[in-house]
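Reader: Please take one part of this model and go through it closely. I want the residues, the contacts and the elements they sit in, joined into one account.

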Amino acid sequence: MSVLVKQRCRIHGQREAVARCPECEKFFCRECVTEHEGRVICQSCLSELLKPEVKERSPIWGRLLGLVGAAGGFLLAWWVFYMIGRTLLSIPSEFHDGSFLNR
Ligand SMILES: [Zn+2]
Ligand SMILES: [Zn+2]
């Protein structure tokens, strides 16, 4: 006669386990497991499975750097065009003042 040793839930020590997670091979009670794509797995493994595989280390900083770069480029372009515009505006007036009026 083999005594069936009943497994307890990994999280709830007082509860009887009803399922074994195929991912981490630990026993869990009914509340701790979820059916996912035909398999009954535990919550922690489910959250691991549902995580996006590509992990960005610092997406916020990357986005900020991109924004700062774009803003800096825009400001530089604006400044260059502003200076060119000022130069173009100042040249004809000096040209008119110097040559046409004194002629
Ligand atoms: Zn698991
Ligand atoms: Zn449990």
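Author: Start with Cys29 and Cys32. Both are buried in this predicted model. Both also serve as donors to the zinc ion (ligand 2), through their SG atoms. The other protein donors there are Cys9 (SG) and His12 (ND1). Donor distances run from 1.9 to 2.3 Å. Along the sequence the spacing reads C-x2-H-x16-C-x2-C. The geometry is tetrahedral, with angles of 100 to 115° among the four donor atoms. The ideal for four tetrahedral donors is 109.5 degrees.

Now the zinc ion (ligand 1). Cys21, Cys24, Cys42 and Cys45 coordinate it, each through SG. The distances here are 2.2 to 2.3 Å. Angles among the four donor atoms span 102 to 114°, and the site of ligand 1 is tetrahedral. Tetrahedral requires all angles to lie between 85 and 135 degrees. The donor spacing for ligand 1 is C-x2-C-x17-C-x2-C. Look at one pair among these donors. Cys24 is in the loop between β1 (19-20) and β2 (27-28), while Cys42 belongs to strand β4 (residues 39-42), so the two tie together parts 18 residues apart in sequence. Their exposure can be set side by side. Cys42 has 0% relative accessibility and counts as buried. Cys24 has a relative accessible area of 25%, which makes it partly exposed. The cut-off for buried is under 20%.

Cys42 leads on to the strands. In β4, Cys42 stands opposite Val33. Strand β3 (residues 33-36) pairs with β4 in the antiparallel sense, over four bridges. Together β3 and β4 make a hairpin, with two residues between them. Glu37 sits in that turn and has a positive phi of about 55°.

β4 also carries a charged contact. Arg39 forms a salt bridge with Glu23, and their closest N and O atoms are 2.9 Å apart. Arg39 is in strand β4 and Glu23 in the loop between β1 and β2, so this pair links parts 16 residues apart in sequence. The loop between β1 and β2 is therefore tied to β4 by the pair Cys24 and Cys42, and again by Arg39 and Glu23. Arg39 is partly exposed, at a relative accessible area of 34%. Glu23 is partly exposed too, at 41%.

The salt bridges come to four in total. Two others can be described, beginning with Arg15 and Glu31, whose side chains meet at 2.9 Å, N to O. Arg15 lies in the segment before β1 and Glu31 in the loop between β2 and β3, so the bridge joins parts 16 residues apart in sequence. Arg15 is partly exposed, with a relative accessible area of 33%. Glu31 reaches 56% relative accessibility and counts as exposed. The cut-off for exposed is over 50%.

Next come Lys6 and Glu16. Their side chains form a salt bridge at 3.7 Å, N to O. Each of the two lies in the segment before β1, so the pair ties together parts ten residues apart in sequence. Lys6 has a relative accessible area of 49% and is partly exposed. Glu16 is partly exposed as well, at 42% relative accessibility.

Definitions and conventions. Residues are numbered from 1 along each chain as its sequence is written. Chains are lettered from A and ligands numbered from 1 in the order in which they are written. This is a predicted model: local features need pLDDT of at least 70, side-chain atom pairs count only at pLDDT 80 or more; totals for chains, interfaces and linings use all residues. Side-chain values use heavy atoms; hydrogens and water are left out. Donors are N, O and S atoms within 2.8 Å of the metal (3.2 Å for Na, K and Ca); water is not among the atoms, so sites may look incomplete. Four donors count as tetrahedral if all angles lie between 85 and 135 degrees; four count as square planar and six as octahedral if opposite donors are over 155 degrees apart and all others between 65 and 115; anything else is irregular. Buried means under 20% relative accessible area, exposed over 50%, partly exposed in between (1.4 Å probe, protein chains only). Two strands pair if DSSP finds at least two bridges between them.
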